[in-house]
Amino acid sequence: MYSFCPSDYLAIRSAPEILQLTFDSEESVDYYKTFERSLSHFFDAERMLYFPDGYLALVALLRDLIQEDDWILIPPETDGAIVDVLEIIERQCESARIETLTEKCWEKIPETVSRIVILASGICETYGKIAPIDEWSARLEAIHAQHGISGMIILDDSLGVGLLGEHYRGTFEHFGVLPNREPNAQASVQYFFSGSFSDAFGASGGFIVGDRKWLRVMRRHEPCCCSWSEIPLSSIVAGLKALELAAEPERHEILRKNVQFLAEKLTEAGITFQSNPFLPFILVKVPNPKETLKVLEARGCRVGLTHFTKKPQFCISVTAAHQPMEIEFLVKTLAEVLHECEEKKRR
């Protein structure tokens with residue numbers, strides 16, 4: 001079975017360096033402190049907080065940052081944890097106002113608003129898009145200059161970290177934006193993100209990075225945060241190696257070539273698709289997606305299916321480990337299945 005589901009983009013989970021990891025129990029290495037130091041260094045921060053998954057990291061970040069009377073704008077092109085976390089925001093801040101981000105939103109700002117917060121996915125897998133940080137930032141800066149209302153952009157960047165940016169630090173770096181390391185009430189616009197190890201890093205858990213003082217205070221009152229004794233040592237050792245592998249430019253180059261090769265083969269097969277050169281997955285509209293998915297799996301190919309939309313699409317993801325023959329097999333099989341579906345429709 002060939003798998004092209006969105007996960008482990010850089011093929012770290014199956015890398016020999018991870019599979020062969022061993023460590024001597026008598027070795028005097030504090031893996032936990034080394035892991036915290038390595039992750040903080042990866043994101044050029046002082047400290048990190050570790051969580052069981054990316055969702056809980058986002059929840060903790062919002063619990064710390066969201067305030068009463070915030071105007072929270074959610075882009076229509078969002079998915080994942082953002083959709084699930086809205087109820088938590090509403091329970092915590094009853095006076096916070098939550099709306100869908102549209103062009104009309106900017107025409108009339110509610111009078112009771114103390115701050116404008118854009119809450120979004122760094123990479124929206126369902127729509128195959130990257131959050132337009134530059135556009136949002138310019139809009140918030142203009143509002144602050146005109147009305148004196150500060151802004152904030154909070155990202156669930158689980159898909160972006162380890163993938164986008166010059167140093168693979170995520171969506172903010174992709175746009176040349178330096179995230180805040182602690183809240184700053186004097187800033188016109190602030191930028192924060194939470195991340196996950198399960199996608200580009202191919203490991204487990206979620207995290208927040210920032211200045212030592214801010215995260216120390218957050219850790220005291222945040223029940224979702226894991227103490228080092230609650231994290232399996234195997235996860236820590238694998239995470240250390242994952243950070244090292246994720247920083248290899250060669251691995252990213254192979255991934256980009258595989259994405260380009262997949263796009264070329266889909267084009268040759270006459271299959272219409274939607275793609276972004278910075279993202280490791282391609283969206284394909286198919287008739288009866290769930291039924292077509294079963295047929296494709298029966299023939300040896302597993303792909304993802306987008307959620308949060310009325311009409312799901314195939315989400316075909318490649319990794320740095322996929323070989324050209326595997327991609328060719330996928331496209332050939334998909335073309336055959338789609339042709340058969342079209343024949344049935346004509347009958």
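A salt bridge here is a side-chain nitrogen of Lys or Arg within 4 Å of a carboxyl oxygen of Asp or Glu. With that cut-off, K265, E268 and E328 are linked in a network of salt bridges.

Some ground rules. This is a predicted model, so local features need pLDDT of at least 70 and side-chain atom pairs count only at pLDDT 80 or more, while totals for chains, interfaces and linings use all residues. Residues are numbered from 1 along each chain as its sequence is written, and side-chain values use heavy atoms, with hydrogens and water left out.

Let me stay with charges. A search of the whole structure finds 16 salt bridges. Take E77 and K129. Their side chains meet in a salt bridge, 2.8 Å from N to O. E77 sits in the loop between β3 (70-74) and α4 (81-92). K129 belongs to strand β7 (residues 129-130). The two are 52 residues apart, so this pair links distant parts of the chain. On element names: helices (H or I, at least four residues) and strands (E, at least two) are DSSP runs, numbered from the N terminus.

Are these two side chains buried or exposed? Neither label fits: E77 is partly exposed at 33% relative accessibility, and K129 is partly exposed at 37%. The classes are these: buried is under 20% relative accessible area, exposed is over 50%, and partly exposed is in between, with a 1.4 Å probe and protein chains only.

Next, R299 and E340. The closest N and O atoms of this salt bridge are 2.7 Å apart. R299 lies in the loop between α10 (289-298) and β12 (301-305), and E340 lies in helix α11 (residues 324-346). That is 41 residues apart, again a link between distant parts of the chain. R299 is partly exposed at 33%. E340 is partly exposed, with a relative accessible area of 33%.

One more pair. E297 forms a salt bridge with R302, with the closest N and O atoms 3.9 Å apart. E297 is partly exposed at 29%. R302 is partly exposed at 33%.

Now the rings. A pair of aromatic rings is described by the distance of the centres and the angle of the planes. Rings of Phe, Tyr and Trp (its six-membered ring) pair if their centres lie within 6.5 Å; planes under 30 degrees apart count as stacked, over 60 as edge-to-face and the rest as tilted. How many aromatic pairs does a search of the whole structure find? Twelve. In one of them, the rings of F42 and F201 have centres 5.6 Å apart and planes at 75 degrees, so the pair is edge-to-face. F42 lies in helix α2 (residues 31-42), and F201 lies in the loop between β9 (189-196) and β10 (206-210), so the pair ties together parts that are 159 residues apart in sequence. F42 counts as buried at 10%. F201 is buried at 0%. Both residues belong to one aromatic cluster, whose members include F35, Y50, F172, Y191 and F207.

Helix α2 also holds T34. T34 is partly exposed at 22% relative accessibility. From T34 to E297 is 263 residues in sequence and 41 Å in space, C-alpha to C-alpha.

On to helix α3, residues 54-65. Its twelve residues should span 16 Å at 1.5 Å a residue, and its end C-alpha atoms are 17 Å apart, which agrees. The expected span is 1.5 Å times one less than the number of residues. D53 caps the N-terminal end of α3, with a side-chain oxygen 3.2 Å from the backbone nitrogen of Y55. Buried residues in α3 include G54, A57, L58 and L61.

L61 turns up again in a cavity lining. A cavity is a set of points, on a 1 Å grid over the protein atoms alone, where a 1.4 Å probe fits but cannot get out; lining residues have an atom within 4 Å of a point. Grid points are joined across faces, edges and corners, and a volume is the space filled by probe spheres set on the points. The structure holds three cavities of 30 Å³ or more. About 40 Å³ of space lies in the largest. Its lining includes L61, P179, R181, F193 and W214. β9 and β10 each supply at least two residues of that lining.

Last stop, T306. T306 is found in the loop between β12 and β13 (314-317). It is buried at 3% relative accessibility. A polar atom of the T306 side chain lies 2.8 Å from the backbone nitrogen of Q313. A polar contact is a pair of N or O atoms within 3.5 Å; within protein, one must be able to donate a hydrogen and the other to accept it, and residues adjacent in sequence count only if both atoms are side-chain atoms.

Key: On a 1 Å grid over the protein atoms alone, a cavity is a set of points where a 1.4 Å probe fits but cannot get out, and a pocket is an open set with protein on both sides within 12 Å along at least five of seven lines; lining residues have an atom within 4 Å of a point.
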